[in-house]
Amino acid sequence: MVGEHLQQVASCPRCNLLSGWYEKRVCKYRQIFDPDGTPFDTSNMERISGGARRYCIECDRDITELVQMVAEPAADLAG
Ligand SMILES: [Zn+2]
(Lines give C-alpha, C1' and ligand atoms only; values in the text may rest on other atoms or scores of the structure.)
Protein backbone atom coordinates (compact mmCIF):
# COMPACT_ATOMS: atom_id res chain seq x y z
CA MET A 1 0.00 0.00 0.00
CA VAL A 2 1.02 3.59 -0.55
CA GLY A 3 2.31 5.00 2.73
CA GLU A 4 0.29 8.16 2.97
CA HIS A 5 -2.87 9.16 4.79
CA LEU A 6 -4.78 12.17 6.12
CA GLN A 7 -3.97 13.26 9.65
CA GLN A 8 -4.61 16.23 11.95
CA VAL A 9 -1.09 17.60 12.23
CA ALA A 10 -1.57 20.24 14.96
CA SER A 11 -3.88 21.07 17.84
CA CYS A 12 -6.98 23.12 17.13
CA PRO A 13 -6.17 26.84 17.55
CA ARG A 14 -9.47 27.53 19.34
CA CYS A 15 -9.76 24.70 21.91
CA ASN A 16 -6.11 23.59 21.85
CA LEU A 17 -7.08 19.91 21.56
CA LEU A 18 -6.00 17.24 19.12
CA SER A 19 -9.31 15.42 18.96
CA GLY A 20 -9.88 14.72 15.29
CA TRP A 21 -12.27 16.20 12.78
CA TYR A 22 -15.57 15.69 11.03
CA GLU A 23 -16.71 16.37 7.51
CA LYS A 24 -20.15 17.45 6.38
CA ARG A 25 -21.14 15.11 3.60
CA VAL A 26 -24.24 14.71 1.53
CA CYS A 27 -24.83 11.01 0.95
CA LYS A 28 -27.54 8.71 -0.27
CA TYR A 29 -28.06 5.29 1.26
CA ARG A 30 -30.58 2.57 1.93
CA GLN A 31 -32.13 2.62 5.40
CA ILE A 32 -33.21 -0.91 6.30
CA PHE A 33 -36.01 -1.60 8.83
CA ASP A 34 -37.17 -4.60 10.82
CA PRO A 35 -40.77 -5.69 10.20
CA ASP A 36 -41.83 -3.79 13.33
CA GLY A 37 -40.33 -0.58 12.01
CA THR A 38 -37.09 -0.53 13.99
CA PRO A 39 -34.21 0.83 11.91
CA PHE A 40 -31.33 -1.65 12.11
CA ASP A 41 -28.91 -1.04 9.28
CA THR A 42 -27.92 1.06 6.32
CA SER A 43 -26.29 0.04 3.07
CA ASN A 44 -25.13 1.36 -0.27
CA MET A 45 -23.70 4.52 1.31
CA GLU A 46 -22.60 6.80 -1.51
CA ARG A 47 -21.22 10.31 -1.19
CA ILE A 48 -22.97 12.84 -3.37
CA SER A 49 -21.06 15.96 -2.32
CA GLY A 50 -19.38 17.66 0.60
CA GLY A 51 -16.35 16.78 2.67
CA ALA A 52 -14.21 19.60 1.30
CA ARG A 53 -13.97 21.39 4.68
CA ARG A 54 -13.00 19.77 7.97
CA TYR A 55 -14.12 20.80 11.46
CA CYS A 56 -12.82 20.22 14.99
CA ILE A 57 -14.86 17.58 16.82
CA GLU A 58 -14.61 19.52 20.09
CA CYS A 59 -15.45 23.09 19.11
CA ASP A 60 -16.56 23.01 15.44
CA ARG A 61 -13.82 25.37 14.27
CA ASP A 62 -12.79 24.98 10.63
CA ILE A 63 -9.40 23.22 10.81
CA THR A 64 -9.15 22.19 7.16
CA GLU A 65 -5.61 23.57 6.90
CA LEU A 66 -4.49 21.34 9.80
CA VAL A 67 -5.60 18.11 8.14
CA GLN A 68 -2.86 17.09 5.76
CA MET A 69 -1.43 14.13 3.94
CA VAL A 70 1.46 12.64 5.92
CA ALA A 71 3.76 9.70 5.28
CA GLU A 72 3.02 6.47 7.15
CA PRO A 73 5.54 5.50 9.82
CA ALA A 74 7.95 2.87 8.55
CA ALA A 75 6.76 0.40 11.19
CA ASP A 76 3.30 0.35 9.67
CA LEU A 77 4.66 -0.48 6.25
CA ALA A 78 6.61 -3.46 7.62
CA GLY A 79 3.24 -4.83 8.73
ZN1 LIG B 1 -11.29 22.81 18.52
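Two strands count as paired here when DSSP finds at least two bridges between them.

**View 1. The whole chain, a predicted model with a β-β-β-β-α order**. What we have here is a predicted model, built from four strands and one helix. Starting at the N terminus, the strands come before the helix, in the order β-β-β-β-α. There isn't much buried: just 5% of the 79 residues in the protein qualify. Take the contacts between residues at least 6 apart in sequence, and 56% of them join residues at least 24 apart.

**View 2. The hairpin of strand 2 and strand 3**. Strand 2 covers residues 21-33 and runs antiparallel to strand 3, with eleven bridges holding up the pairing. One of the residue pairs to look for is Tyr 22 with its bridge partner Tyr 55 in strand 3. Between the strands sit five residues, and Gly 37 takes a positive phi near 95° in this hairpin.

**View 3. Strand 3, hardly covered**. Strand 3 spans residues 39-56, and of its 18 residues the buried count is one. As a rule, side chains in a regular strand alternate between the two faces of the sheet.

**View 4. Strand 1 against strand 4**. Strand 1 (residues 4-8) pairs with strand 4 (residues 67-71) in the antiparallel sense, this time over five bridges. His 5 has Val 70 of strand 4 as its bridge partner. How many of the five residues of strand 1 are buried? The count is zero, so by the cut-off of 20 or more other C-beta atoms within 10 Å, no residue of strand 1 makes it.

How values were computed: Residues numbered from 1 in each chain as written. Predicted model: local features only at pLDDT ≥ 70, side-chain atom pairs only at ≥ 80, totals over all residues. Buried ≥ 20, exposed ≤ 12 C-beta atoms within 10 Å, placed from the backbone. Helix = DSSP H or I, 4+ residues; strand = E, 2+ residues; numbered from the N terminus. Contact = placed C-beta atoms within 7 Å.
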